[in-house]
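Here are my notes on the model, set out as numbered points. They follow the chain's elements and contacts rather than the order of the sequence.

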Amino acid sequence: MKVIVVGAGIGGLSVAIALNRAEHDVEVYESSSFLNEVGAAIHIAPNAVRVLKSWDIDFETLYPAYCEAIKFYSADLEKVETIVTLKEGQEKLGIQEPWLMTHRVDIHSNLRAQAEKGFKGRSVKIRLNSKVESVNAETGEVHFQDGRTVRGDLVIGADGLHTRTVTAIASNGRDKVNTGQKVFRFLVPMEKVVENPLVKELVDKFGQKQTSGIALGRRERMIIYPCRSGTLLNCALIVYTEDHLGPESSWNSAGRLEDLMEVLEGADERIKEFVRAAEDIKNWTLVTRDPPKTFVKGKLALLGDAAHPMLPRKCFRSLRPGSHVDYGVPKNCCTNL
């Protein structure tokens, strides 16, 4: 079977590897001129680790940190709740695989290398600079803006939030909804952590083997967890605002430290010092789309954000056990930090 995958992100490359290993002829078409994943860190849950093992992924070059729990803290850094632990999950499910946290660039590079390596002499063909104009779900035809057309027995739409493939299933499928949220993404190198006693105190409190959530106010929260073998801390500060945010911005949109610090006015001094060590600050508006009624039509199937954009979770247990804070996120939100 000939398979056309639209989009060479983590989802697109993963489905390409899986179908290639099932001995199908797979071609991936990527709109950009490069194959570098953007963003910062990502969780790889034990079930996904099991899949990656079966694909012979090189875990050493994932440079992972190992996660043992997700814990939430109040604004004064007192622990409110342990949401989940790896040990409990392993015992309940009878599994042994670890829970990893890795940089998106590292997992993306590994998937790209595995796709190009192929399986049983058959590699995945990756075509760059291929911007999709439209898809015909019934015929399996993909039309590109440069006039090319390819046809597959199966087309996988893995082209993310700004998908074009979704319009072959729902004509209004690209319509976006502003969530009223902005997110600051940034990295803090561990070498900066050890230089500042206040920052070191904060990081030592959390440790290097968990994801930590902090309720900074009624609607702001920050998520922190390590990647790159513990040499970097990945951070996301999510802010709710009633101001008109305008169109969403790219994951590559630069943010300013001054804007970050303004959000943190009144926060614990340890948190302020931690954020002052931020590098590679990004800032964009969180948007979503109402998912289509079906993710499959004819020869087309949608995958990942092309089907259902992922947003931070709606409720954040903060302040005290049992209390909830509503961030006004649409009902179709999911956890993706």
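**Notes on the predicted model**

1. Arg 112 has a relative accessible area of 23%, so this residue counts as partly exposed. Arg 112 is placed in helix 4, residues 104-117. Its C-alpha atom is separated by 8.8 Å from that of Ile 10, although the two residues are 102 apart along the chain. As with everything below, these values come from a predicted model.

2. The main sheet to look at is an open one of seven strands, ordered 6-5-14-15-16-13-17, and its pairing is mixed. Strand 6 (79-85) and strand 17 (279-288) are the edge strands, each pairing on one side only. From one strand to the next the twist averages 20 degrees.

3. At the strand 17 edge, the partner is strand 13 (residues 177-189): the two run antiparallel and are joined by eight bridges. Within this pairing, Leu 187 has Glu 279 of strand 17 as its bridge partner.

4. Which strands does helix 6 lie across? Helix 6 (residues 197-206) lies across strand 5 (69-73), strand 14 (210-215), strand 15 and strand 16. Its direction is at about 120 degrees to strand 14. Helix 8 (residues 269-276) lies across strand 13, strand 14, strand 15 and strand 16, and runs at about 55 degrees to strand 15.

5. Strand 12 (residues 154-157) has a partner in strand 1 (residues 2-6), with parallel pairing over four bridges; here Val 3 stands opposite Leu 154. Strand 12 also pairs with strand 19 (residues 300-302), again in the parallel sense, over three bridges. In that pairing Ile 156 stands opposite Ala 301.

6. Are the residues of strand 12 buried or exposed? Leu 154 and Ile 156 point one way from the strand, Val 155 and Gly 157 point the other way, and all are buried. Leu 154 and Ile 156, which point one way, are thus the residues that stand opposite Val 3 and Ala 301, respectively.

7. Strand 9 (residues 132-136) and strand 10 (residues 141-144) are antiparallel and pair over four bridges. Val 132 has Phe 144 as its bridge partner in strand 10. The two strands form a hairpin with four residues between them, and in this hairpin Gly 140 takes a positive phi near 75 degrees.

8. Phe 144 recurs in the ring contacts. How many aromatic pairs does the structure hold? There are two aromatic pairs. One of them joins Tyr 29 and Phe 144, with 4.9 Å centre to centre and 35 degrees between the planes, a tilted arrangement. This pair links distant parts of the chain, since Tyr 29 is in strand 2 (residues 25-29) and Phe 144 in strand 10, 115 residues apart. Tyr 29 and Phe 144 are both buried.

9. Tyr 73 and Phe 206 also pair: their ring centres are 4.8 Å apart and their planes lie at 55 degrees, so this pair is tilted. Because Tyr 73 lies in strand 5 and Phe 206 in helix 6, the pair ties together parts that are 133 residues apart in sequence. Tyr 73 and Phe 206 are buried. The pair therefore ties strand 5 to helix 6, and helix 6 lies across strand 5 among other strands.

10. A charged group also faces Phe 144. The charged end of Arg 148 sits over the ring of Phe 144, at 4.9 Å from the ring centre. Phe 144 is also the bridge partner of Val 132 and forms the aromatic pair with Tyr 29.

11. Two backbone values deserve a check. Most residues other than glycine have a negative phi. Asp 56 has a phi near 65 degrees, which is positive, and is not a glycine. Asp 56 is found in the loop between helix 2 (46-54) and strand 4 (65-66), and its relative accessibility is 53%, so this residue counts as exposed.

12. The other value belongs to Arg 228, which has a positive phi of about 50 degrees although this residue is not a glycine. Arg 228 is found in the loop between strand 15 (221-227) and strand 16 (232-240). With a relative accessibility of 26%, Arg 228 counts as partly exposed.

Technical notes
Residues numbered from 1 in each chain as written. Predicted model: local features only at pLDDT ≥ 70, side-chain atom pairs only at ≥ 80, totals over all residues. Heavy atoms only, no water. Pairing = 2+ DSSP bridges. Buried < 20%, exposed > 50% of the residue type's maximum accessible area, 1.4 Å probe, protein only. Axes fitted to C-alpha atoms, helices over the stretch in contact; angles between N-to-C directions. Contact = heavy atoms within 4.5 Å. Phe/Tyr/Trp six-rings, centres within 6.5 Å; stacked < 30°, edge-to-face > 60°. Lys NZ or Arg CZ within 6 Å of the ring centre and 35° of its normal.
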